[in-house]
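Visitor: Hi, could you walk me through this one? I'm new to it.
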Amino acid sequence: VTLEAVELHRIGMPLVRPFETSFGRQTAREVLLVRVRTAEGEGWGECVAMTDPFYSHEYVDGCEAVITSYLAPALLAARTLRADDVAGLLRFVVGHRMAKAALETAVLDAQTRAAGLSFGEFFGAVRPEVDCGVSVGISPSIDELLEEVAGYRDAGYRRIKLKIKPGWDLEPVAAVRELLGPAALLQVDANTAYTEADIDHLRGLDPFGLLLIEQPFVEEDIRTHVRLARAIDTPVCLDESITGVDVAIDAIERDATSIVNIKPGRVGGYLEAIRIHDACLERDVPVWCGGMLETGVGRAANVALAALPGFTLPGDTSASDRYFAEDLTESFVLVDGRLAVPAGPGSGVTVREELLGDWALRTPVVLS
Ligand code: OSB
Ligand code: MG
């Protein structure tokens, strides 16, 4: 496509319920959206960075700054480009994968819309809908947790993920396992809240038959994940640590992870996410699609990705109403525990421009 301008939109959306993890509690989602204007039409990308640098070093203000000062000017200077050129054009900037992913996705959306291809077709989707799980935050009490989980079970979610941290782990897991019964798919996510000294304690999760434990230790610490994997029966799954295909292969070969959470934003975009998927499929390592409380813009692309053959576990691709009273695009509605892969060109969803204005946190920035 021939790139004419890059627009940055900043919106705020209240969450239907607070979302608490080991790294903090959120009551609203601040979202940075990128629109590219090209000679062939427009495209959208959602930056998954959060307001604060607590899950990742990336955060909304930082992403906007690096896009404005470095990334967008490099793409505008190249002018004519394809999505698979973007990573190379942006390689001179170290890291900042979420910011890069938003730009690459916007270019890919414009390019595939112009070609009349859906993301599902472009990525190589093998199913028309995907199995969905739901990520359940840390709750003020076990009773409230059980009520929330029962609601998601009744809505049809095919897998429950509980956020855990020291002081909120064995007890809530035991209570939810009791509620759901032994056959239900149940997993936990610690978002790096534990240390090596907790390995013995984490072995206490084994009796609950969990699908996996996600990212108990810090991002850079592959070694302690290897030690845990040796000590525990529950499969270990990395999220934060997996920043690209080479790290994924390394972690798999070292037996630090036997299942991989693929989040396109965290790895620099959908093209790298597909490379990780392919490497995992080749090694018989199951993958699932993570989430970052995306609006319909990001969700559409995640659902298309989750339709690739190696995504054999339900993802954090929940319905729009799990997060928001109203979505920025058409809503994603759970049917029999699944979401449909959008079939239209590009991401297949349309940004409701009037909401962009209503929810704006500032006037859009236009770079050209
Ligand atoms: O660790 O998977 C995570 C949300 C924000 C940041 C990190 C994570 C999450 C979730 C929610 O678990 C996933 C979702 O429903 O989008
Ligand atoms: Mg996680």
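Guide: Let me start with a term: on a 1 Å grid over the protein atoms alone, a cavity is a set of points where a 1.4 Å probe fits but cannot get out. A molecule sits in a cavity if more than half of its atoms lie within 2 Å of its grid points. By that rule, ligand 1 sits in the largest cavity. Please keep in mind that this is a predicted model, in which local features need pLDDT of at least 70 and side-chain atom pairs count only at pLDDT 80 or more. Residues are numbered from 1 along each chain as its sequence is written.

Visitor: OK, which residues are closest to ligand 1?
Guide: Ligand 1 is surrounded by 17 residues, each with a heavy atom within 4 Å of it, and the closest are Ser135, Lys163, Asn191, Leu293 and Tyr323.

Visitor: And what lies 2.7 Å from an oxygen atom of ligand 1?
Guide: That is a polar side-chain atom of Asn191, while a polar side-chain atom of Lys163 lies 2.9 Å from an oxygen atom of the ligand; a polar contact here is a pair of N or O atoms within 3.5 Å.

Visitor: How much of ligand 1 does the protein bury?
Guide: Taken alone, ligand 1 exposes 380 Å², and the protein buries 100% of that, with areas from the Shrake-Rupley method and a 1.4 Å probe.

Visitor: Switching topic, how is the chain divided?
Guide: An automatic or database domain assignment gives domain 1 (3-116 + 352-367) and domain 2 (120-340).

Visitor: Why does ligand 1 lie between them?
Guide: Ligand 1 lies between domain 1 and domain 2 because both give residues to the shell around it.

Methods
Chains lettered and ligands numbered in written order. Heavy atoms only, no water. Polar contact = N/O pair within 3.5 Å; in protein donor to acceptor, adjacent residues only side chain to side chain. 1 Å grid on protein atoms, 1.4 Å probe; cavity = no way out; pocket = protein on both sides within 12 Å on 5 of 7 lines; lining within 4 Å.
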